[in-house]
Amino acid sequence: MEGNAIEVDIKVPNKTRYLSLIGRIGEDIARELERYSGDRETLAYHLNLVLTEAMVNAIKHAGPKEPEKLVRIVITIRLDDLTIRVYDDGQGFDINSIPPPNFEELEDRGRGIFLIRSLMDSVSYRKNCKENILEMKKKLV
Amino acid sequence: MNLEQETRNDIVILYVKEERLDAHNSVDLKAAVQKLFEEGKKNVLVDLKEVRFIDSSGLGALVSGFKNAISHQGNLKLSSLQSQVKSMFELTRLHRVFEIFPSAPEAVENFQ
């Protein structure tokens, strides 16, 4: 994985049983990066986690158009820039309206986007003409 | 989900025998803990020795168990967290909520 850009484009059924498969791909990428000087096992965990959280998010927001739908995940590495895009065709949501978790109150839910935001440098969620795209970027230094 | 259950001194220990505790399997853990408190058990220890990955759903299932313990006047504690798993508790400040022990025997001692 030197110099040249890499793009991994995956489609998996929108079922939680595929979370470990997607997470493992993130871990493998972290371990194979040649230029990364940080802690590889921590990066592996973080990529596993953001991919898992993003895919769960896509499953939750998936549209009802077809019973057996796919989640598309594109991972791009160009020099020191890692970009993950996760596509869903559901209603979508306003990512900026999601508050950080209230640490004083014990909620069962609401930590997924917080974790993604904590571990990636930038996160956006936008709609194009046919789908929503959750885009997460991280500088690999 | 693969869970092993053991009772020691009125403490039910649930060993999570999975590498991942995530949105795919955490509902099973949540249900198992809920069932224990509904059956009248007061002290539950969840041992995460084999769990090397936890996501927000896994954390949520444990939070749910903790709240269940409170509502049944019981206790839920955790043991044997791997370092990466522990860092997720720290990131979400949940290490301040749970009592976390290095091993199941040490946690069992603490329930006395």
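This passage walks through the sheets, helices and chain contact of a predicted two-chain model.

Chain A first. Its sheet is an open one built from 5 strands, in the order 1-2-3-5-4, with antiparallel pairing. Strand 1 (6–13) and strand 4 (122–127) of chain A sit at the edges with a single partner strand each, so one side of each has no neighbour in the sheet. On average, neighbouring strands of this sheet are turned by 15 degrees against each other, direction ignored.

Going across that sheet, strand 1 of chain A is joined to strand 2 of chain A by 8 bridges, and the two run antiparallel. Here A:Asp9 stands opposite A:Val74 of strand 2. Strand 2 of chain A is in turn linked to strand 3 of chain A by 7 bridges, again antiparallel, and A:Ile77 faces A:Leu82 of strand 3 across this pairing. Next comes the pairing of strand 3 of chain A with strand 5 (residues 132–139) of chain A, antiparallel over 8 bridges. In that pair, A:Asp81 has A:Lys139 of strand 5 as its bridge partner.

Strand 3 of chain A also shows a neat split between its faces. In a regular strand, side chains alternate between the two faces of the sheet. A:Leu82, A:Ile84, A:Val86 and A:Asp88 point to one face and are buried, while A:Asp81, A:Thr83, A:Arg85 and A:Tyr87 point to the other and are not. An Asp, A:Asp88, thus turns up on the buried face.

The link between strand 2 and strand 3 of chain A is a hairpin with 2 residues between the strands. A:Leu79 lies in this loop, between strand 2 (70–78) and strand 3 (81–88). Its phi is near 50 degrees, which is a positive value in a residue other than glycine. A:Leu79 counts as exposed because it has 12 C-beta neighbours inside 10 Å.

Helix 2 of chain A lies across strand 2, strand 3 and strand 5 of chain A, and runs at about 20 degrees to strand 3. This helix has a helical partner too. Two packed helices are described by the angle between their axes and the distance between the axes. For helix 2 (residues 40–61) and helix 3 (residues 112–119) of chain A, the axes come within 9 Å and cross at roughly 140 degrees. The crossing is left-handed. On the helix 2 side, the contact is made by A:His46, A:Leu49, A:Val50, A:Glu53, A:Ala54, A:Val56 and A:Asn57, and on the helix 3 side by A:Gly112, A:Leu115, A:Ile116 and A:Leu119. Sorted by class, these contact residues come to 7 nonpolar, 3 polar and 1 charged.

Now for chain B. Here, too, 5 strands form an open sheet, but the order is 1-2-4-6-7 and the pairing is mixed. The edge strands are strand 1 (3–8) and strand 7 (100–101) of chain B, each of which pairs on one side only. Strand 6 of chain B runs parallel to strand 7 of chain B, and 2 bridges join them. B:Leu78 has B:Ile100 of strand 7 as its bridge partner.

Two helices of chain B lie across these strands. Helix 1 (residues 26–38) of chain B lies across strand 1, strand 2 (11–16), strand 4 (43–47) and strand 6, running at about 170 degrees to strand 2. Helix 2 of chain B lies across strand 4 and strand 6, at about 145 degrees to strand 6.

Helix 2 of chain B is mostly covered, with 12 of its 16 residues buried. Among the buried residues are B:Leu59, B:Leu62, B:Val63 and B:Phe66. The length of this helix checks out: at 1.5 Å a residue its 16 residues should span 22 Å, and the end C-alpha atoms are 22 Å apart, which agrees. Just after the helix, B:Gln73 takes a positive phi of about 50 degrees. B:Gln73 lies in the loop between helix 2 (56–71) and strand 6 (75–79) of chain B, and is exposed because it has 8 other C-beta atoms within 10 Å.

As for the contact between the chains, 19 residues of chain B touch 20 residues of chain A. On the chain B side, helix 2 and helix 3 (83–91) are the elements that give two or more residues. Helix 2 of chain B gives the most, with 8 residues. By class, the chain B side has 7 nonpolar, 7 polar and 5 charged residues.

How values were computed: Residues numbered from 1 in each chain as written. Chains lettered and ligands numbered in written order. Predicted model: local features only at pLDDT ≥ 70, side-chain atom pairs only at ≥ 80, totals over all residues. Axes fitted to C-alpha atoms, helices over the stretch in contact; angles between N-to-C directions. Helix = DSSP H or I, 4+ residues; strand = E, 2+ residues; numbered from the N terminus. Left-handed = near helix turned anticlockwise from the far one by under 90°. Contact = placed C-beta atoms within 7 Å. Nonpolar A, V, L, I, M, F, W, Y, C, P; charged D, E, K, R; others polar. Buried ≥ 20, exposed ≤ 12 C-beta atoms within 10 Å, placed from the backbone. Expected span 1.5 Å × (residues − 1). Pairing = 2+ DSSP bridges.
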